[in-house]
Each structure stands twice: as C-alpha cells, then as structure tokens.
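The exercises below are to be worked through with the sequence and the coordinates at hand. Each one sets a task and is followed by a solution in steps.

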Amino acid sequence: PVFEAKTIDYFCSAYTPRPGDVVIDVGAGIGSETGYFSKAVGPDGKVIAIEAHPYTCLCLRKFCEYNHFDNVTALNLAVLEAAGTPSSASRSFAFLL
C-alpha cells in the first residue's frame, strides 16, 4: 500500500492504468511495479513486462506465477534507442518504444 502509493505517484503521474488497459513495463526488474499494473488493468487488461537480464527475468516470471498475475507476459528482451547490440560497458539504456 505505501509502495503502491509511491508507484502511482511516480509512474502514473500522466496516466493511471484502468481495467482493460494494456501496460508496457520496460525494465520491469523483479516485478515490483508489474504487480501494481497487473491489478490495475485487471483480468481484461494486459501487462507486457520487459526485462533484459536473464536471471532477473526468471525472477520476474516466478513472481508473476506465484502471485497469479495471469495477465502478465514477461519478455527477456532489451529495449534500445537504436538497432544494435548493447555494450557490456553500458550500464544504462535509453528506452524508446
């Protein structure tokens, strides 16, 4: 509840997801915000959670499975500003959809 309030303030300042919406969660991590988005869009909505790190994405998938977030699709992908391969030296990416 406190975390969800902070999530709403930070991630939903311009738009708050509603039942039936589709949310794309880029850089989903282990699913902290994904859970809020899943509940917000409800069973008729969809959350596409994108996480680049393979192990973190596995944790995200387990988190969603354990919590029965059946409307979440977790993808092990990196979203980059331009086509190419991310550099191992690069610690942050510019996300652009």
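**Exercise 1.** In this predicted model, establish how many aromatic pairs a search of the whole structure finds, and classify the pair made by Phe63 and Phe69.

*Solution.* The search of the whole structure returns two aromatic pairs. For Phe63 and Phe69, the ring centres are 5.7 Å apart, which is within the 6.5 Å limit for a pair. Their planes meet at 55°, and because this falls between the cut-offs of 30 and 60 degrees, the pair is tilted. Turning to exposure, Phe69 has a relative accessible area of 11% and is therefore buried, whereas Phe63, with 29%, is partly exposed.

**Exercise 2.** Determine the order of the strands in the sheet and which of them stand at its edges.

*Solution.* Three strands form an open sheet in the order β1-β2-β3, with parallel pairing. β1 (22–26) and β3 (72–75) each have a single partner strand, so one side of each lacks a neighbour in the sheet and both stand at the edges. From one strand to the next, the twist averages 15°. Between β1 and β2 (residues 46–50) there are five bridges in the parallel sense, and Ile24 has Ile48 in β2 as its bridge partner.

**Exercise 3.** Describe how helix α2 lies relative to the strands, and how many of its residues are buried.

*Solution.* Helix α2 lies across β1, β2 and β3, running at about 165° to β2. Of the 10 residues in α2 (residues 32–41), eight are buried, among them Tyr36, Phe37 and Val41. Just after α2, Gly42 adopts a positive phi of about 70°.

How values were computed:
Residues are numbered from 1 along each chain as its sequence is written. This is a predicted model: local features need pLDDT of at least 70, side-chain atom pairs count only at pLDDT 80 or more; totals for chains, interfaces and linings use all residues. Side-chain values use heavy atoms; hydrogens and water are left out. Buried means under 20% relative accessible area, exposed over 50%, partly exposed in between (1.4 Å probe, protein chains only). Helices (H or I, at least four residues) and strands (E, at least two) are DSSP runs, numbered from the N terminus. Rings of Phe, Tyr and Trp (its six-membered ring) pair if their centres lie within 6.5 Å; planes under 30 degrees apart count as stacked, over 60 as edge-to-face and the rest as tilted. Two strands pair if DSSP finds at least two bridges between them. Axes are lines fitted to C-alpha atoms, for helices over the stretch in contact, and angles run from 0 to 180 degrees between N-to-C directions. Contact means heavy atoms within 4.5 Å.
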